[in-house]
Structure formats: C-alpha cells, structure tokens
Amino acid sequence: MQGKRMMLVAAVAGVFCVPGHAAADKIPEQFVMEAKAVITEVSVTDVKKMLDAGEKIILLNVTEKDEFAAEHIAGSINVTRGKLEFMAASALPDKGARIVVYCGTDRRSPLATRTLNELGYRSAVNMTGGLDAWKAAGFPVERKKGTSP
C-alpha cells in the first residue's frame, strides 16, 4: 500500500512540476521572444509606407500615459499595456481592423499584439523596434510642447 501511495504522489507531482520549466524561472525577455514567435511583425518602413499610402490602419501605442503624452506617432491611440485586456473592446470595437501595435522599445508591444490576437484581433501586428526604431529611421513624431528630441 505504501508503495502505491508513493507512486501516486510522484505521478501527481510530475503533472504539476516540469523540471527546468517553472514559471518563476522565466525572465521578461523570454515572454517577449515567445510572443514574437507567434505574432506577425512589420517594419517601421512598412508602417510609414502604409501611412503615406493612406491605408486604413489603427496605430495603437501601448506605452504609459506620460510616455504617450511626451511623444508618439501622429494619429495614434493610447491604451496602456496594463489595461489592454480590459479596454480593448471599447477602444478597438472592430476586431477585423488592421492594428499596428507599438511601444517605445519593442518589449511591451509584442506582448500586447499576442494578447490582441488571443482576444480575436487577428489583423493586429507588431511594429518591430518600436518608437525608438521609428525615430532612428528619421520618421516624425508628435511631441509635447517643451520636450526635446
């Protein structure tokens, strides 16, 4: 009886514990890389071409409110990464819309894009490199008065 009980405990423990794969062992970069493996990404040049061609896209900035206020791509809407799951339906009522998601450095936006895809926004894509890459390419941003580039 003791042996059967030990085998049962070991089997149950095996279901809940996969060696080397505990959630606490992950670092943020792993979450980003996992998201990037399952989402679609577009370059800043592709996004600029879409805008210049007048394509109907939604630019979704997922930075914090103060970051968005300081600078963003003209025409963007802001829903912070931390509130995305709760605000998506009201901020983005058309699940079929082409949504280009970006943040400052391409860390939050892949996670946000994955979340949107999982919420049914199948045409949401991530802008690789974020706002930093956009600015590095020489593309314009709207800035809060009194802030410098």
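In this predicted model, helices H5 and H6 pack with their axes 11 Å apart, at an angle of about 60 degrees. That angle makes H5 oblique to H6, and the crossing between H5 and H6 is right-handed. On the H5 side, the contact is formed by Leu-84, Glu-85 and Ala-88, which meet Ala-112, Thr-115 and Leu-116 of H6. Sorted by character, the residues of this contact comprise 4 nonpolar, 1 polar and 1 charged.

Helix H6 has a further helical partner in H2. The axes of H2 (residues 28-36) and H6 (residues 108-118) come within 8 Å and cross at roughly 50 degrees. With that angle, H2 too is oblique to H6, but here the crossing is left-handed. The H2 residues involved are Phe-31, Val-32, Glu-34, Ala-35 and Lys-36, and they meet Pro-110, Leu-111 and Arg-114 in H6. The contact of H2 with H6 contains 5 nonpolar and 3 charged residues, and no polar ones.

It is worth following H6 itself a little further. Its buried residues are Ser-109, Pro-110, Ala-112, Thr-113, Thr-115, Leu-116 and Asn-117. Of these, Pro-110 also belongs to the contact with H2, while Ala-112, Thr-115 and Leu-116 also belong to the contact with H5. Taken together, the buried residues of H6 pack against H2 and H5, and also against strand E2 (58-61), E5 and E6.

The backbone on either side of H6 deserves a look as well. Asp-106 lies in the loop between E5 and H6, where its phi is near 70 degrees, a positive value in a residue other than glycine. For comparison, most residues other than glycine have a negative phi. Asp-106 has a relative accessible area of 9% and is therefore buried. Just after H6, Gly-120 also takes a positive phi, of about 105 degrees.

Turning to the interior, the largest nonpolar core has 15 residues, and Val-47, Leu-59, Ile-73, Val-100, Met-127 and Trp-134 are those with the most contacts inside it. At least two residues of this core come from each of helix H3 (44-52), strand E5 (99-102), strand E6 (124-127) and helix H7 (130-136). The largest share, 3 residues, is supplied by H3. A second, separate core is made of 14 residues, among them Val-62, Ala-88, Leu-92 and Ala-124. Ala-88 has already appeared as one of the H5 residues that meet H6.

Two members of the largest core show how its parts come together. Leu-59, in strand E2, counts as buried because its relative accessibility is 4%. Leaving aside residues up to four places away in sequence, Leu-59 touches Val-47, Leu-51, Ile-73, Ala-74, Ser-76, Ile-77, Val-100 and Tyr-102. One of these partners, Ile-73, is 14 residues from Leu-59 along the chain, and the C-alpha atoms of the two are separated by 7.9 Å. Trp-134, with the same sequence neighbours left out, touches Val-44, Val-47, Lys-48, Leu-51, Ile-73, Met-127, Phe-139, Pro-140 and Val-141. Val-47, Leu-51 and Ile-73 are thus among the residues touched by both Leu-59 and Trp-134.

Loop residues can be buried too, as Val-79 illustrates. This valine sits between strand E4 (77-78) and helix H5 (84-91), and its relative accessibility of 7% is why Val-79 counts as buried. Again setting aside residues up to four places away in sequence, Val-79 touches Leu-60, Asn-61, Val-62, Leu-84, Met-87 and Ala-91. Leu-84 is also one of the H5 residues in the contact with H6, and Val-62 is included in the second core. Thr-63 is 16 residues from Val-79 along the chain, with 7.4 Å between their C-alpha atoms.

These local views fit into an overall layout of 7 helices and 7 strands. Read along the sequence, the elements follow the pattern α-α-β-α-β-α-β-β-α-β-α-β-α-β. Of the 149 residues, 35% count as buried. Among contacts between residues at least 6 apart in sequence, 69% join residues at least 24 apart.

Notes:
Residues numbered from 1 in each chain as written. Predicted model: local features only at pLDDT ≥ 70, side-chain atom pairs only at ≥ 80, totals over all residues. Heavy atoms only, no water. Axes fitted to C-alpha atoms, helices over the stretch in contact; angles between N-to-C directions. Helix = DSSP H or I, 4+ residues; strand = E, 2+ residues; numbered from the N terminus. Parallel < 35°, antiparallel > 145°, perpendicular 65-115°, else oblique. Left-handed = near helix turned anticlockwise from the far one by under 90°. Contact = heavy atoms within 4.5 Å. Nonpolar A, V, L, I, M, F, W, Y, C, P; charged D, E, K, R; others polar. Core = buried A, V, L, I, M, F, W, Y, C linked by side-chain atoms within 4.5 Å. Buried < 20%, exposed > 50% of the residue type's maximum accessible area, 1.4 Å probe, protein only.
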